[in-house]
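User: I am new to this structure. Please take me through it with a few short questions and answers.

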Amino acid sequence: MPIQQSDVLYTAVATAEGGRDGRVATDDGRLDVVVNPPQAMGGSGAGTNPEQLFAAGYSACFQGALGVVAREVGADLTGATVTAKVGLGKNGDGFGIIVEISADIPKVDRGAALSLVEKAHEVCPYSKATRGNITVTLV
């Protein structure tokens with residue numbers, strides 16, 4: 001179920017100038033980066049790109065969700081990492097994205113780790129926002 005405005009605890013604000021070939025900054029100045037298309041898409045690749053920013057946000061959020069579900073079952077996440085791979089490609093007459101999420105949880109056996117990842121995917125706000133809109137693969 002979607003949240004209502006009255007449920008919002010925090011709102012991030014970022015402003016882009018120049019789209020994929022410009023810069024993006026947050027209202028508090030903590031993030032201020034040059035964005036350029038990647039070389040694979042004919043750009044300079046000199047700056048970051050929206051897909052990298054999305055991958056960074058999704059992986060951080062997903063690891064937070066992983067922490068929530070791990071605490072519920074007493075799983076040890078020491079040394080754990082989450083990687084998000086965000087692919088951009090043609091989709092009909094435009095473009096679309098696809099995501100692959102992988103987690104390395106060294107202190108948890110593979111079966112239990114996969115179960116934690118699946119549970120995290122159910123509670124992660126990014127996963128909820130993308131569910132039914134893009135393909136997200138858990139590995």
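User: Which hand does the crossing of helix 1 and helix 2 have?
Analyst: This is a predicted model. Helix 1 covers residues 50-73 and helix 2 covers residues 110-123. Their axes come within 8 Å and cross at roughly 115 degrees. The crossing of helix 1 past helix 2 is right-handed.

User: How many residues of the contact between helix 1 and helix 2 are nonpolar?
Analyst: Helix 1 brings residues including Tyr 58, Phe 62 and Leu 66. Helix 2 brings Leu 116, Lys 119 and His 121, among others. By class, 1 residue of the contact is polar and 1 is charged, while the nonpolar ones number 11.

User: Why do strand 1 and strand 3 each have one side without a neighbour in the sheet?
Analyst: The sheet is open, with 3 strands in the order 1-2-3 and antiparallel pairing. From one strand to the next, the twist averages 20 degrees. Strand 1 (14-17) and strand 3 (32-35) each have a single partner strand, so one side of each lacks a neighbour because both stand at the edges.

User: Which residue of strand 3 stands opposite Gly 22?
Analyst: Strand 2 spans residues 22-26 and runs antiparallel to strand 3. The two are joined by 4 bridges. Opposite Gly 22, in strand 3, stands Val 35.

User: How much space lies in the largest pocket?
Analyst: Its lining consists of Met 1, Pro 2, Ile 3, Val 123, Pro 125 and Lys 128. That lining counts 5 nonpolar residues, 1 charged and no polar. The space in the largest pocket is about 200 Å³.

Terms used. Residues numbered from 1 in each chain as written. Predicted model: local features only at pLDDT ≥ 70, side-chain atom pairs only at ≥ 80, totals over all residues. Heavy atoms only, no water. 1 Å grid on protein atoms, 1.4 Å probe; cavity = no way out; pocket = protein on both sides within 12 Å on 5 of 7 lines; lining within 4 Å. Points joined across faces, edges and corners; volume = space filled by probe spheres on them. Nonpolar A, V, L, I, M, F, W, Y, C, P; charged D, E, K, R; others polar. Axes fitted to C-alpha atoms, helices over the stretch in contact; angles between N-to-C directions. Left-handed = near helix turned anticlockwise from the far one by under 90°. Contact = heavy atoms within 4.5 Å. Pairing = 2+ DSSP bridges.
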